[in-house]
Amino acid sequence: MESPLDKYLRTHSEAQDQALEWLVKQTHIRTNYPQMLSGPVQGALLTMLAKLIKPQRVLEIGCFTGYSTICLAYGLPEGGHIDTLEVNDELEDLITEGFSRAGVQDRITLRIGDAKETIKSLAGPYDLVFIDADKREYCDYYELLKPILHSGSLILADDILWDGKVYQDTVPTDAQTQGIVKFNDRVAADPAVEKVLLPLRHGLYLIRVK
Ligand SMILES: C[S@@+](CC[C@H](N)C(=O)[O-])C[C@H]1O[C@@H](n2cnc3c(N)ncnc32)[C@H](O)[C@@H]1O
């Protein structure tokens with residue numbers, strides 16, 4: 001159920017196009033976790049940031065059905081390319097159909113497999129990285145990314161407020177919450193990056209390599 005705030009944000013941001021609407025519908029029909037979709041407001045932000053940053057190379061960790069990938073692709077400059085990583089091979093058909101319907105299939109390489117292994121095989125450098133996979137592994141991704149980033153690279157990390165669990169008086173001890181807590185603390189203490197934490201949706205960390 002969309003909250004009044006979410007509705008207000010959505011109706012005052014860029015609207016989803018038909019390809020994204022189709023993908024949202026299919027994600028609800030064909031997967032068990034449609035709530036993992038970035039959604040229209042965060043999607044519009046991803047497109048906007050890509051247009052502002054003009055990245056030639058983008059890495060996405062956690063493609064799911066490709067909603068955020070398409071939004072990033074809409075903002076790419078001429079010649080820009082996205083590598084998107086996804087461990088669940090059952091999603092491949094839906095992902096590739098969505099990319100085709102959105103007309104962005106030529107700008108994206110889908111790499112099926114465990115991101116922790118795939119990242120090690122990537123040459124880089126990447127200008128923009130969107131982290132949105134397993135919350136327990138955010139610190140692992142952060143360390144693995146370092147060799148393939150450059151000064152000025154921007155990392156966007158999603159879900160870093162985790163429904164407010166990370167700032168409760170008593171922080172839950174489950175592995176996902178603790179994974180996010182450790183990641184946020186590591187980023188906050190890292191002198192090699194500039195950072196700003198935004199409360200958009202479930203929390204988005206903007207992290208720029210110095
Ligand atoms: C929150 S969803 C991504 C949502 C997507 N970015 C969007 O906005 O529509 C997280 C995805 O990460 C994938 N994932 C989890 N652990 C992974 C790993 N180690 N390597 C690659 N993908 C992983 C899951 O299968 C899931 O599809």
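## Helices and Glu 21

A helix here means a DSSP run of H or I at least four residues long, a strand is a run of E of at least two, and both are numbered from the N terminus. On that footing, helix α2 covers residues 18-30, and Glu 21 sits in it. Keep in mind that the model is predicted.

Is Glu 21 buried or exposed? It counts as exposed, because just 12 C-beta neighbours fall inside 10 Å, and the cut-off for exposed is 12 or fewer. Glu 21 and Pro 77 are 56 residues apart along the chain, and 23 Å separates their C-alpha atoms.

## The overall fold

The protein chain has eight helices and seven strands. Its C-alpha atoms fit in a box of roughly 40 × 40 × 30 Å along the principal axes. The radius of gyration is 16 Å, which agrees with the value near 17 Å for a compact globule of 210 residues.

Of those 210 residues, 39% count as buried. Take the contacts between residues at least 6 apart in sequence: 70% of them join residues at least 24 apart.

## The sheet

Strands of a sheet pair through backbone hydrogen bonds, in either a parallel or an antiparallel sense. In what order do the strands of the open sheet run? Read across, the seven strands go β3-β2-β1-β4-β5-β7-β6, and the pairing is mixed. β3 (108-112) and β6 (193-198) are the edge strands with a single partner each, so one side of each has no neighbour in the sheet. From one strand to the next, the twist averages 15°.

Now for some of the pairs. β2 and β3 run parallel and share five bridges, with Leu 85 standing opposite Arg 111 in β3. β1 and β2 are also a parallel pair, over five bridges, and there Val 58 faces Ile 82 in β2. β2 is largely enclosed by the rest of the structure, because five of its six residues are buried.

Carrying on to β4, strand β1 (residues 57-61) pairs with it in the parallel sense over four bridges; Leu 59 has Val 129 as its bridge partner. β4 and β5 are parallel too, with five bridges, and Leu 128 stands opposite Leu 154 in β5. Strand β4 (residues 126-131) is itself mostly covered, with five of its six residues buried.

## Out at β6

Leu 198 lies in strand β6. Why does Leu 198 count as partly exposed? There are 13 other C-beta atoms within 10 Å of it, whereas a residue needs 20 or more to be buried. Setting aside residues up to four places away in sequence, Leu 198 touches Leu 204 and Leu 206. Lys 120 is another story: it is 78 residues from Leu 198 in sequence and 29 Å away in space, C-alpha to C-alpha.

## Helices α7 and α8

Two packed helices are described by the angle between their axes and the distance between the axes. For α7 (residues 138-145) and α8, that angle is about 40° and the axes are 8 Å apart. Which residues meet there? On the α7 side they are Tyr 138, Cys 139 and Tyr 142; on the α8 side, Gly 179, Ile 180, Lys 182, Phe 183 and Arg 186. By class, the residues of this contact are five nonpolar, one polar and two charged.

## Around the ligand

How many residues surround the ligand, and which come nearest? There are 18, and the nearest are Ser 38, Gly 62, Phe 64, Ser 68 and Ala 115. Sorted by class, the shell has eight nonpolar, six charged and four polar residues.

At least two shell residues come from each of α4 (67-74), β2 (81-86) and α6 (115-120). α4 is mostly covered, with eight of its eight residues buried. Ser 68 is one of these buried residues in α4, and others include Tyr 67, Thr 69, Ile 70 and Tyr 74.

Definitions and conventions. Residues are numbered from 1 along each chain as its sequence is written. This is a predicted model: local features need pLDDT of at least 70, side-chain atom pairs count only at pLDDT 80 or more; totals for chains, interfaces and linings use all residues. A residue is near a molecule or strand if its C-beta atom, placed from the backbone, lies within 6 Å of it. Ala, Val, Leu, Ile, Met, Phe, Trp, Tyr, Cys and Pro count as nonpolar, Asp, Glu, Lys and Arg as charged, and the others, Gly among them, as polar. The radius of gyration is taken over C-alpha atoms; the globule rule is 2.2 Å times the number of residues to the power 0.38. Two residues are in contact if their C-beta atoms, placed from the backbone, lie within 7 Å. Two strands pair if DSSP finds at least two bridges between them. Axes are lines fitted to C-alpha atoms, for helices over the stretch in contact, and angles run from 0 to 180 degrees between N-to-C directions.
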